Amino acid sequence: MIIVMSQEATKPQIDHVIETIKELGYTPHPIHGEQRTVIGAIGDERGKFRLESLANLVAVESVMPILSPYKLVGRELQGEPTIVPVGDLTVGGNEFMLIAGPCSVESREQILTVAAAVKKSGAQYLRGGAFKPRSSPYAFQGMEEEGLKLLKEASELTGLKIVTEVITPTDVLLVAKYADVLQVGARNMSNFALLKDLGKISKPIILKRGMAATVNDLLMAAEYIVSEGNPNVILCERGIRTFETATRNTLDLSAVPLIKDRSNLPIIVDPSHGCGIKKLIAPLSNAAVACGADGLMIEVHPQPEVAFSDGAQSLLPKEFDVMMKDIRKYLKLAGKHL
Ligand code: PEP
Ligand code: MN
């Protein structure tokens with residue numbers, strides 16, 4: 001339910017409504033707008049009619065149901081875009097997030113080389129999986145904590161912020177110790193135990209769309225994280241499975257403006273996994289910026305031919321550098337700042 005306070009509502013009156021929401025067994029989410037405060041009362045759908053009595057409290061103007069199934073990440077309660085803080089940077093609004101790096105952390109030399117290169121080309125974030133969710137149990141599974149330490153070293157040397165994946169609830173605190181942003185991969189989008197645990201930390205989360213997930217499924221997965229108390233969620237379109245086999249996945253760019261319309265969360269695009277073909281990454285990145293994406297995630301490897309994972313779709317540092325020149329032009333047109 002959305003509880004709309006009157007414009008004249010005082011702080012004690014607002015606090016009283018918040019307390020009453022808690023007493024009724026719901027979680028209050030106050031949003032203090034320029035004109036007035038609105039309070040979301042979120043919780044068990046059953047029995048929500050009890051919240052209607054809030055309309056009788058002093059300074060409450062109206063009580064209305066939130067119609068969409070995603071309450072906190074939708075636009076009904078919070079119309080303004082969520083701005084996610086990442087240390088001294090932010091994501092969302094006019095601030096663009098450029099993430100680049102290898103699929104997996106493979107060695108000290110590999111990650112330090114690529115970090116220096118992508119930094120020079122203008123990335124602010126270094127990616128690299130230390131825990132890899134591979135489709136085959138026999139494929140490289142990642143360097144685990146050693147990989148996290150290498151990412152940290154690369155970050156200290158370059159100033160790049162770290163984006164890396166967490167695949168089990170057990171590792172959340174370990175990964176959070178090293179990462180600036182924790183990534184939930186496509187294969188884990190519906191791992192609700194993991195999502196709930198990520199809702200209990202405050203570090204930003206990149207939530208990738210599952211390969212067979214609808215936009216609605218993605219937003220509901222985000223709702224799991226936000227409803228546990230972590231509002232710092234960045235969505236990521238990374239392609240879905242369709243009947244098309246000419247590309248690795250079908251990058252659903254229509255999801256970007258659609259999500260902008262339905263959700264207050266920022267959304268970035270990963271064209272590397274989205275199409276799996278090097279040549280397509282630059283044009284798809286330009287298109288992503290043109291349709292309103294808040295960031296890009298690009299796989300870059302110093303020697304793609306010997307990469308442990310996703311070599312075929314990884315750009316060479318010099319290819320990434322060329323691509324970045326075009327991206328800057330599109331960012332300027334879109335009014336986004338890198
Ligand atoms: C990745 O980013 O390396 C990755 C595994 O991506 P996805 O979860 O989108 O497949
Ligand atoms: Mn990859």
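## A tour from Cys275 to strand E3

Start at Cys275, which is buried, with a relative accessible area of 2%. Keep in mind that this is a predicted model.

**Stop 1: the cysteines.** Stay on Cys275 and display sulfur atoms. A disulfide is a covalent bond between the sulfur atoms of two cysteines. How many disulfides does a search of the whole structure find? The count is 0. Cys275 is in no disulfide, and the nearest cysteine sulfur, in Cys236, lies 13 Å away. The cut-off for a disulfide is 2.5 Å between sulfurs, so Cys275 and Cys236 do not qualify.

Now select Cys103. Is Cys103 buried or exposed? Its relative accessibility is 3%. Buried means under 20%, so Cys103 counts as buried. Leave Cys103 selected, since it also belongs to the next stop: Cys103 is one of the residues around ligand 1.

**Stop 2: ligand 1.** Select ligand 1 and show its surroundings. Which residues surround it? Besides Cys103, the list holds Arg127, Lys132, Glu165, Gln183, Gly185, Ala186, Arg187, Lys208, Arg238, His273 and Glu299. By type, this shell divides into 7 charged, 3 polar and 2 nonpolar residues.

Next, pick out the contacts one at a time.

- Arg127: an N or O atom of its side chain is 2.7 Å from an oxygen atom of ligand 1.
- Gln183: here a side-chain N or O atom is 2.9 Å from an oxygen atom of the ligand.
- Ala186: a polar backbone atom is 2.7 Å from an oxygen atom of ligand 1.

Then turn on a surface. On its own, ligand 1 has 300 Å² of accessible area, and the protein covers 97% of that.

**Stop 3: strand E3.** Select residues 37–42, which make up strand E3. How many of its residues are buried? The answer is 6 of 6, so read against the 20% cut-off the strand is mostly covered.

Show the side chains. In a regular strand they alternate between the two faces of the sheet. In E3, Thr37, Ile39 and Ala41 point one way. Val38, Gly40 and Ile42 point the other way. Both sets are buried.

**Stop 4: the partners of E3.** Add strand E2, residues 27–32. E2 runs antiparallel to E3, and 6 bridges join them. Find Pro30: its bridge partner in E3 is Ile39. The two strands form a hairpin, with 4 residues between them.

Finish with strand E1, residues 2–5. E1 also pairs with E3 in the antiparallel sense, over 3 bridges. Select Val4 and look across to Val38, its bridge partner in E3.

Methods
Residues numbered from 1 in each chain as written. Chains lettered and ligands numbered in written order. Predicted model: local features only at pLDDT ≥ 70, side-chain atom pairs only at ≥ 80, totals over all residues. Heavy atoms only, no water. Buried < 20%, exposed > 50% of the residue type's maximum accessible area, 1.4 Å probe, protein only. Near = heavy atom within 4 Å. Polar contact = N/O pair within 3.5 Å; in protein donor to acceptor, adjacent residues only side chain to side chain. Areas by Shrake-Rupley, 256 points an atom, 1.4 Å probe, with all protein chains shown as cover. Nonpolar A, V, L, I, M, F, W, Y, C, P; charged D, E, K, R; others polar. Pairing = 2+ DSSP bridges.
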